[in-house]
Amino acid sequence: MKAHYGYKDGAGDFFIIIDTDNCIECADHPCIPACPESVLEIIEDDYEDMVCAVTMDHRKKIKYSCAPCKPDRDRPPLLCVTACPKNALEHLW
Ligand code: SF4
Ligand code: SF4
């Protein structure tokens, strides 16, 4: 399942999309320690699988939470995306 976390406003679409099917076989969850802003967490989904999600605290302010990773110029590879061995994370902005 592709889970969308974030919001849309006049400036654009600010969503992190997580392909949670890919998280099921991910034993170490390296995205969690990779995020310096503690945006991500592991939760149990409706099927009792342990999958990645964006924390409730960050869902409504994700543009600002991720801003330190996303400078206007010379944006480096995102730490969470780079850490994920299963290509499960996508950022829409
Ligand atoms: S590292 Fe990737 S596959 Fe593993 S829990 Fe995080 S998002 Fe899911
Ligand atoms: S872009 Fe940075 S702050 Fe946002 S989830 Fe990824 S590692 Fe965390």
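## Exercises on a two-ligand protein model

Let's start with a residue out in the open: Ser 38 is exposed, since just 12 other C-beta atoms lie within 10 Å and 12 or fewer counts as exposed. Keep in mind throughout that this is a predicted model.

### Exercise 1. Unusual backbone angles

Place Ser 38 and Asn 87 in the fold, and describe the phi angle and the surroundings of each.

**Solution.**
- Step 1: begin with Ser 38, which sits in the loop that links helix H1 (31-34) to strand E3 (40-44).
- Step 2: check its backbone. Ser 38 is not a glycine, yet its phi is positive, about 55 degrees.
- Step 3: move on to Asn 87, in the loop between helix H4 (79-83) and strand E5 (89-91). Asn 87 is not a glycine either, and has a positive phi of about 55 degrees.
- Step 4: count its surroundings. With 9 other C-beta atoms within 10 Å, Asn 87 is exposed.

### Exercise 2. The overall build

Work out how the chain is laid out and whether it is as compact as a globular protein of its length.

**Solution.**
- Step 1: tally the elements. There are 4 helices and 5 strands.
- Step 2: put them in sequence order, which gives β-β-α-β-β-α-α-α-β. The radius of gyration is 13 Å, close to the 12 Å from the globule rule for 93 residues, so the protein is as compact as a globular protein of that length.
- Step 3: picture the outline. Along the principal axes, the C-alpha atoms fill a box of roughly 35 × 25 × 20 Å.
- Step 4: look at the contacts with a separation of 6 or more. Residues 24 or more positions apart make up 59% of them.

### Exercise 3. The hairpin and the core

Trace how E3 pairs with E4, then find the residues with the most contacts inside the largest nonpolar core.

**Solution.**
- Step 1: E3 and strand E4 (residues 50-54) run antiparallel and are joined by 5 bridges. One pairing to look up is Leu 40 with Val 54 in E4.
- Step 2: inspect the turn. The hairpin has 5 residues between its two strands, and Glu 48 there has a positive phi of about 65 degrees.
- Step 3: turn to the core. It has 19 residues, and Ile 16, Cys 31, Leu 40, Cys 52 and Leu 89 have the most contacts inside it. Strand E2 (12-19) and E4 are the elements that give two or more residues to this core, and E2 gives the largest share, 4 residues.
- Step 4: follow Cys 52 outward. Leaving aside neighbours within four places in sequence, its contacts include Ile 18, Cys 23, His 29, Cys 31, Leu 40 and Ala 88.

### Exercise 4. Two ligand shells

List residues around each ligand and sort each shell by character.

**Solution.**
- Step 1: around ligand 1 you will find, among others, Cys 23, Cys 26, His 29, Cys 31, Cys 52, Cys 84 and Lys 86. The shell of ligand 1 divides into 9 nonpolar, 2 polar and 1 charged.
- Step 2: around ligand 2, the residues include Cys 35, Glu 37, Leu 40, Ser 65, Cys 66, Cys 69 and Cys 80. Its shell holds 9 nonpolar, 1 polar and 1 charged.
- Step 3: connect this with the core. Cys 31 and Cys 52 belong to the shell of ligand 1, Leu 40 belongs to that of ligand 2, and these three residues are among those with the most contacts inside the core.

Definitions and conventions
Residues are numbered from 1 along each chain as its sequence is written. Chains are lettered from A and ligands numbered from 1 in the order in which they are written. This is a predicted model: local features need pLDDT of at least 70, side-chain atom pairs count only at pLDDT 80 or more; totals for chains, interfaces and linings use all residues. A residue is near a molecule or strand if its C-beta atom, placed from the backbone, lies within 6 Å of it. Ala, Val, Leu, Ile, Met, Phe, Trp, Tyr, Cys and Pro count as nonpolar, Asp, Glu, Lys and Arg as charged, and the others, Gly among them, as polar. A residue is buried if 20 or more other C-beta atoms lie within 10 Å of its own, exposed if 12 or fewer, and partly exposed in between; C-beta atoms are placed from the backbone. Two strands pair if DSSP finds at least two bridges between them. The radius of gyration is taken over C-alpha atoms; the globule rule is 2.2 Å times the number of residues to the power 0.38. Two residues are in contact if their C-beta atoms, placed from the backbone, lie within 7 Å. A nonpolar core is a set of buried Ala, Val, Leu, Ile, Met, Phe, Trp, Tyr and Cys residues joined through C-beta atoms within 7 Å.
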